[in-house]
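The following note is offered to a colleague reading the model alongside its sequence. It takes up a strand pairing first, then the interface, the ligand site and some local features.

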Amino acid sequence: MKIVVCVKYVPDTNEPKRLKSDLALQRNGVQSVINPMDEYALEIALKWKDADPALEVVTLTMGPEEAKGVIKKCLAKGADRAVLLQDPALGGSDALSTSRTLAAAIAKIGKVDAVLCGIRSSDGDCNVVGPAIAELLDWPQLTYCKEAQLDQAARYVQVQREADGALEIVRAALPVLLTVTKCAFEPRLATFKGITAANKKELLVWSLADLNLSANQVGWEGATVKVMSFSEPPPRPAGQVLSGSPAEVARKMVEYLHTLKLV
Amino acid sequence: MSGVWTVAEVSDGGIKGISFELLGAARSLANNLAEPVGTVLIGHEVANLADELFAHGADRVLVAEHPALASFAPERHARVIGDFATAYAPQVLLIGHTGSGKEIAGRLAARLDVSVITDCVALQLVDAQVRCTRPIFGGSMLTTAVATKGITFATIRPKAFARPAPAIGRPGEVLQLAVSAACLVARTEVVEVVNETSTAISLTDAEIVCAGGRGVGSAEKFELIERLAKELGAAVGASRAVVDAGWRPHKEQVGQTGKTVSPKLYIAAGISGAIQHLVGMRSSDTIVAINTDPEAPIMKVANLAVTADLLEVIPKVIEELKILKGAAV
Ligand SMILES: Cc1cc2nc3c(=O)[nH]c(=O)nc-3n(C[C@H](O)[C@H](O)[C@H](O)COP(=O)(O)OP(=O)(O)OC[C@H]3O[C@@H](n4cnc5c(N)ncnc54)[C@H](O)[C@@H]3O)c2cc1C
């Protein structure tokens, strides 16, 4: 059985954000990490693999050369192989053309039984790619998963998902796409042995020519959304400071809220 | 292409607040475009809710009813909305950037063959183009984007647009959308719904969020945050530190790996304000921080920075609120 985990390479939240003159993200010199939610998606796949080492876990990334560092970490944690989609023609993709590119790569990887994605990325934060891939592949989706069990014999996945206000247990037959939110468990760290093993694992780099897509379906050309400008949010007004005895502070705080008609 | 359209959200037989906010966003665009506002209303026996949508600014309500649509199912809803778009060719389509909206946005983008501009906080009509502004990097920057081919499809951040004042009795036209068999796919099966928390206010819908962090001290002491929340009619939020410690469930977590909220009032008690927390709440209208450390990062973003021990201050705040309420009646 074959599982694909989509792994995005994102700038670290702690780093200051910079933009290049062409409005693309300035990535040089910015510390990059695995998108935090994708780490949980990978962890679920690796837990499945713990239970059945014959299960093949493939990571899929669309990104620049520097993404290889992040991909190696995934291999060191236990993924079997990795695919990196890299082509100047992919630059400027919007959420849909990104999904289209990833879906085409999943089709090319072939015989995939499940795809796992983080629910959203920490940079673009679109929440779109997972469900869009599912639609493009004509698969069902299970979203906001916190835990997932794979039944290989019966060919279905059962998940615990965080629905609005309730925890739901839902299942779907394979093939299926899962979007994963923060789980109750922490993602594993790579072991020294894993890091050594990662160097021998396959990291395929595919260009647009490897995918069944034409240039006008991807990148700037395929994008139907154009970013016009970036701006800084208006600064928050300088705040008021309150201190004193608890009773006094409490009275002033409630007064403040009352003046703003918040209470 | 014509018309500015929204998709209403329905739950427990009523219309959810976001649906009215969408109408608020749609109405001003539509006025400027001289186009009507339409709303797609999906569910089972929901046609009676149309009047409320008219009152809040819809000119037309397109009803898609079927027993199988009684509860939200992303694939089915995306297909119904896709059918609507084929039939009506909307110029602008707005849905909520909510739990369910996010589940269908991607599927719908793929069906409509146009990308979606997500989490919009402002819409502006310039040269017949709808400019959509959205926060990125957890609100540390804003970006403005336009749709270049076909329909402008956007998801709207809850609480970013005001709900229009209702005009009771405002007329409108009810239209029907036939639900095709192809829309009724069922490829997922709900096995069980556990821990239904219907009485608690949902974090993302709440006007006031009362959040606690490690500074609260223990799971037991969180009762204080709950009491304050109850007094304020607020939802309870939490930092990751307290979720990781097992004091609170993850569904209450605010931040990068939790929920993004923008309530009218966010109270952060015993939360330091790490960047990963700030990205989930800094677009709140008013932020009140209670912290013993005046230098904590949360104090820098707060409109009101209260330097105090939360365990001492919050009981007094609850007392004050009770007095205030007593005075009001
Ligand atoms: C990839 C990643 C993702 C993350 N995602 C999130 C996320 O989604 N949400 C999130 O919240 N965090 C997230 N974090 C964690 C984040 O970095 C912080 O560790 C976390 O927010 C800290 O929680 P805290 O403020 O409750 O605890 P602390 O940082 O320990 O702060 C406790 C605060 O309480 C104050 N205090 C103590 N006692 C009292 C008292 N009696 N009265 C008043 N104040 C008191 C202290 O002065 C201090 O400021 C993430 C981290 C990483 C690396």
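1. Pairing of strands across the chains. In this predicted model, A:Leu167 stands opposite B:Val194, a residue of strand E13 of chain B. The two strands concerned are E9 of chain A (residues 166–173) and E13 of chain B (residues 188–194), which run antiparallel and are joined by 6 bridges.

2. Extent of the interface. How many residues of each chain are in contact with the other? The contact involves 84 residues of chain A and 90 residues of chain B. About 7,100 Å² is buried between chain A and chain B, and carbon and sulfur atoms give 58% of that area. Interface size is often expressed in this way, as the accessible area lost when the parts come together.

3. Charged and polar pairs at the interface. Between chain A and chain B the count is 8 salt bridges. In one salt bridge, the side chain of B:Arg187 meets that of A:Asp138, with an N to O distance of 3.0 Å. Polar contacts across the interface of chain A and chain B comprise 38 residue pairs, with both residues at pLDDT 80 or more. On the side of chain A that touches chain B, helix H7 of chain A (residues 246–259) gives the most, with 10 residues. The residues on that side of chain A divide into 45 nonpolar, 18 polar and 21 charged.

4. The ligand site. Why is the site described as shared between chains? The ligand is surrounded by residues from chains A and B, so the site is shared between them. There are 27 surrounding residues, and the closest are B:Arg214, B:Ser239, B:Thr257, B:Ser272 and B:Asn291. An N or O atom in the side chain of B:Arg214 is 2.7 Å from an oxygen atom of the ligand. For the side chain of B:Asn291, an N or O atom is likewise 2.7 Å from an oxygen atom of the ligand. The backbone of B:Val254 also takes part in the description, with an N or O atom 2.8 Å from a nitrogen atom of the ligand.

5. Salt bridges over the whole structure. The search over all chains finds 37 salt bridges. Among them is the pair A:Glu39 and A:Lys77, whose closest N and O atoms are 2.6 Å apart. A:Glu39 lies in helix H1 of chain A (residues 36–51) and A:Lys77 in helix H2 of chain A (residues 67–77), so the pair ties together parts that are 38 residues apart in sequence.

6. Backbone geometry in chain A. Most residues other than glycine have a negative phi, and most peptide bonds are trans. Two places in chain A deserve a reader's attention on this account. The peptide bond joining A:Leu174 and A:Pro175 is cis, with omega about -5 degrees. A:Pro175 belongs to the loop between E9 and strand E10 (176–180) of chain A. A:Lys261, although not a glycine, has a positive phi of about 60 degrees. A:Lys261 is found in the segment after H7 of chain A.

7. Surroundings of B:Lys102. Where is B:Lys102 found? B:Lys102 is in helix H4 of chain B (residues 99–112). Leaving aside residues up to four places away in sequence, B:Lys102 touches A:Asn127, A:Pro131, A:Tyr144, B:Gly96 and B:His97. B:Lys102 and B:Ala145 are 43 residues apart in sequence, with a C-alpha to C-alpha distance of 19 Å.

Definitions and conventions. Residues numbered from 1 in each chain as written. Chains lettered and ligands numbered in written order. Predicted model: local features only at pLDDT ≥ 70, side-chain atom pairs only at ≥ 80, totals over all residues. Heavy atoms only, no water. Contact = heavy atoms within 4.5 Å. Buried area = accessible area lost by both parts, 1.4 Å probe. Salt bridge = Lys/Arg side-chain N within 4 Å of Asp/Glu carboxyl O. Polar contact = N/O pair within 3.5 Å; in protein donor to acceptor, adjacent residues only side chain to side chain. Helix = DSSP H or I, 4+ residues; strand = E, 2+ residues; numbered from the N terminus. Nonpolar A, V, L, I, M, F, W, Y, C, P; charged D, E, K, R; others polar. Pairing = 2+ DSSP bridges. Near = heavy atom within 4 Å.
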